[in-house]
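This report goes through a few contacts and backbone features of one protein chain. Please keep the sequence and the 3D view at hand while reading.

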Amino acid sequence: IDSDEVKPALVGVKAAVLLKAGDALARDWEAIFAKHDKDRSGSISLEELIGVVRRELRVPKGLLSNKQVGMMFGHFGSVGEADGKLSMDEFLELLRM
């Protein structure tokens, strides 16, 4: 991801992931993914990803806007399966960035 706007967003997500890593729930990203995969499609939409960011990672909009989450989501929408959703593998890759 090269966009100067997306880099701060990734820093915010990375910080939230690191904070969450101390939580026992953080070890089971698959369960978190499944919880937010409302339609059980095996992938999550932008709306569902925002749910992960807000409810699971507890990142406020002041730190990471929905637009920034959308830009990160858009990056994965343009690579990989390019289906407008994030697969579990893409979700884990996003968390590792």
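Two rings of Phe, Tyr or Trp, with the six-membered ring taken for Trp, count as a pair if their centres lie within 6.5 Å. Planes over 60 degrees apart make the pair edge-to-face, those under 30 degrees apart make it stacked, and the rest are tilted. The model discussed here is a predicted one, and it holds two aromatic pairs.

**Aromatic pairs**

In one pair, the ring centres of tryptophan 29 and phenylalanine 91 are 6.4 Å apart and the planes stand at 70°, so this pair is edge-to-face. Tryptophan 29 belongs to helix 2 and phenylalanine 91 to helix 5, and 62 residues separate them along the chain. Tryptophan 29 has a relative accessibility of 15% and therefore counts as buried. Phenylalanine 91 is buried as well, at 0%.

Phenylalanine 91 also pairs with phenylalanine 33; here the distance is 5.3 Å centre to centre, and the angle of 55° between the planes makes the pair tilted. Phenylalanine 33 lies in helix 2 and phenylalanine 91 in helix 5, so this pair ties together parts that are 58 residues apart in sequence. Phenylalanine 33 is buried, with a relative accessible area of 6%. Trp29, Phe33 and Phe91 form one aromatic cluster.

**The buried face of helix 2**

Helix 2 covers residues 29-36, and its residues Trp29, Ile32, Phe33 and His36 are buried. Why do the buried residues line one face of the helix? Seen down the axis of helix 2, they fall within an arc of 100°, so they share that face.

**Salt bridges**

How many salt bridges does a search of the whole structure find? There are two salt bridges, listed in this table.

| Salt bridge | Closest N and O atoms |
|---|---|
| Glutamate 56 and lysine 35 | 2.8 Å apart |
| Lysine 85 and aspartate 39 | 3.3 Å apart |

Glutamate 56 sits in helix 3 and lysine 35 in helix 2, so their salt bridge ties together parts 21 residues apart in sequence. Glutamate 56 is buried, with a relative accessible area of 5%.

Lysine 85 is in the loop between helix 4 and strand 2, while aspartate 39 is in the loop between helix 2 and strand 1, so this pair ties together parts 46 residues apart in sequence. Lysine 85 is partly exposed at 23%, and aspartate 39 is also partly exposed, at 47%.

**A buried charge without a salt bridge**

Glutamate 90 is part of helix 5, which spans residues 88-96. Glutamate 90 is buried yet has no salt bridge. What is the nearest side chain of opposite charge? That side chain is lysine 85, 11 Å away. A polar atom of the glutamate 90 side chain does lie 2.8 Å from the backbone nitrogen of serine 87.

**Positive phi values**

Most residues other than glycine have a negative phi. Arginine 40, which is not a glycine, has a positive phi near 55°. Arginine 40 is found in the loop between helix 2 and strand 1, and counts as exposed at 58% relative accessibility.

Arginine 58, again not a glycine, has a positive phi of about 60°. Where is arginine 58 placed? Arginine 58 lies in the loop between helix 3 (46-56) and helix 4 (66-77). With a relative accessible area of 61%, arginine 58 is exposed, because exposed means over 50%.

Definitions and conventions
Residues numbered from 1 in each chain as written. Predicted model: local features only at pLDDT ≥ 70, side-chain atom pairs only at ≥ 80, totals over all residues. Heavy atoms only, no water. Buried < 20%, exposed > 50% of the residue type's maximum accessible area, 1.4 Å probe, protein only. Helix = DSSP H or I, 4+ residues; strand = E, 2+ residues; numbered from the N terminus. Arc of directions from axis to C-beta. Lys, Arg positive; Asp, Glu negative; His and termini not counted. Salt bridge = Lys/Arg side-chain N within 4 Å of Asp/Glu carboxyl O. Polar contact = N/O pair within 3.5 Å; in protein donor to acceptor, adjacent residues only side chain to side chain.
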